[in-house]
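Visitor: I should like to understand how the descriptive terms used for a protein model are justified. Would you please take me through them, one at a time?

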Amino acid sequence: MISTLEVAPGSVTGVGADDEVRLMTPADDAPEAEVSIVIPALDEEMTIGHFVDWCKQGLATAGVTGEVLIVDSSSDRTAEIAVSRGARVLKTPRRGLGRAYIDALPYVRGRYVLMGDADCTYDFRELRPFVEKLRQGYDFVMGSRWKGSIEPGSMPPLHRYLGTPLTTWMLNIVYSSRFSDIHCGMRGISRDALRRMGLQSQSWEYASEMVLKSVHMRLRTAEVPVRFLKDREGRLSHHKRAGWLSPFQAAWINVRAMFVYGAEFFTFRPGLVIFALGLLLTLPLAVGPVTVGPVHFSLHWMLLGLTLTVVGLQSFYVGCLAQVLHDYTGMARKRWLRAFPYTRTVVISGAAFLGGFTMALILVVEYVQSGLALSAASRIAYVGVLGLVLLIGSFLTFTFVLLLHALALRSDTVYGPQR
């Protein structure tokens, strides 16, 4: 017997509440669960029955009370088969893997959440290591096919030898992490961490978003080996169903998510290096040209220094804002608000702006008095360039401190007050 709960508009609050969603429950639905196995499914009637059986067996072997929640967007009998095997089914419109987990979150009852695929490529009969790690206090537990086993024929060579190793390496570089398999679909996370994570991705990139947000959140993370099995005979993977371009599209949107959430990597430290190099070229030339051995540093070098100083300072400030934008712990907000208090920073910026304006004005006067011409040999030109550095730098600093304090207020609302 199957019972269906129609969800009326406004009856469910939180992420994923939707009047197009309805919950189907089996007659013997358990009232409580320590572990929720949450699985998106799309036209998986060939495997869904065996998969639910595997989940039930895995929960029994691990000695844990649990539920199986299938987030189904199928047009076949996937939902009916899943419910008949004892799973709860959340019927949703067809709108992507990431959105499936967003939709499911209000319906998750377990303290821990296990994720995976409904195609029996991950062996959920062996979920005990995930439960053990979660019970030990780990917030996020990734499966690793590279630490486990990959059945011959289960993974295309392009994915196995290029796609997954390359994108895993890229993420580890950008986020200073040590994952071995960022695209493994079998993973576990505490419900509290999943809620705080606030997934936004609608499609394949949710997998990378979870991994990189676990780094931003400083979650206690572990990896466990898993077995990756090949598709059942007669079943086509979703990538093959979508066409030959699908794996490349999935790779691109994953890399896009990686870079969008990792903007700090490209801006913060590179900005500091470029800024320091710019000052190294600019400040010594403020009093005139300098000769070091065979190299004569003149106004052209100083203009290059001005460019590097401005680009570096802007890049550094963007990196600071990127840290605050993804600041789950409050540490970045606390650090940068302490380094750039509003009143002191605005006063210093104003003073620097006036100083720079005065220097630039001296250059303008010299320009007018010289018949609207400037001589590269004039020391006034060097003072004027330094004035431009102060003008631009002070304006960048003023606008940065405005954005910093505004973004800190927003982050307090999104992530909670600073700790």
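Guide: Let us begin with a definition: a salt bridge is a side-chain nitrogen of Lys or Arg within 4 Å of a carboxyl oxygen of Asp or Glu. Please note that this is a predicted model, in which local features need pLDDT of at least 70 and side-chain atom pairs count only at pLDDT 80 or more, while totals for chains, interfaces and linings use all residues. Residues are numbered from 1 along each chain as its sequence is written, and side-chain values use heavy atoms, with hydrogens and water left out.

Visitor: What makes E67 and R88 a salt bridge?

Guide: The closest N and O atoms of E67 and R88 are 3.1 Å apart. The limit is 4 Å, so the pair qualifies. E67 lies in strand β4 and R88 in strand β5 (residues 88–91), so the bridge ties together parts that are 21 residues apart in sequence. Helices (H or I, at least four residues) and strands (E, at least two) are DSSP runs, numbered from the N terminus.

Visitor: Why is E67 called buried?

Guide: A residue is buried under 20% relative accessible area, exposed over 50%, and partly exposed in between (1.4 Å probe, protein chains only). E67 has a relative accessible area of 3%, and therefore counts as buried. R88 has 7%, so R88 is buried as well.

Visitor: How many salt bridges are there by this rule?

Guide: The count comes to 21. One of them joins R195 and D192, with 2.6 Å from N to O. Both residues lie in helix α6 (residues 191–197), 3 residues apart, about one turn of the helix. D192 is partly exposed because its relative accessibility is 40%. Salt bridges that share partners also join E20, R95, R99 and D103 into one network.

Visitor: How do you know that the span of helix α1 agrees with what is expected?

Guide: The expected span of a helix is 1.5 Å times one less than its number of residues. Helix α1 (residues 48–62) has 15 residues and should span 21 Å; its end C-alpha atoms are 21 Å apart, so the values agree. For the 37 residues of helix α14 (residues 379–415), the expected span is 54 Å and the end C-alpha atoms are 52 Å apart, which agrees. G63, with a positive phi near 65°, follows α1, and G416, with a positive phi near 100°, follows α14.

Visitor: Which elements do the buried residues of α1 pack against?

Guide: They pack against β3 (35–41), β4 (66–72), α2 (78–84) and α4 (128–135). Among these buried residues are F51, W54, C55 and L59.

Visitor: What makes a set of residues a nonpolar core?

Guide: Such a core is a set of buried Ala, Val, Leu, Ile, Met, Phe, Trp, Tyr and Cys residues joined through side-chain atoms within 4.5 Å. The largest core here has 82 residues, of which I37, I70, F124, L127 and I189 touch the most other members. Its largest share, 7 residues, comes from α1. A second, separate core of 17 residues includes W336, L337, F340 and L407.

Visitor: Which residues are in contact with L127, leaving aside its neighbours within four places in sequence?

Guide: Contact means heavy atoms within 4.5 Å. The partners of L127 are I37, C55, G58, L59, A62, L114 and M186.

Visitor: Why is M359 called partly exposed?

Guide: M359 has a relative accessible area of 23%, so it falls between the two limits and is partly exposed. M359 is found in helix α13 (residues 342–369). Not counting residues up to four places away in sequence, M359 touches V383, G384, L386, G387 and L390.

Visitor: What is notable about the phi of C120?

Guide: C120 has a positive phi of about 65° although it is not a glycine. Most residues other than glycine have a negative phi. C120 lies in the loop between β6 (112–115) and α4, and is buried because its relative accessible area is 2%. S176 also has a positive phi, of about 55°, without being a glycine. S176 is in the loop between α5 and β8 (187–190), and its 67% relative accessibility means that it counts as exposed.
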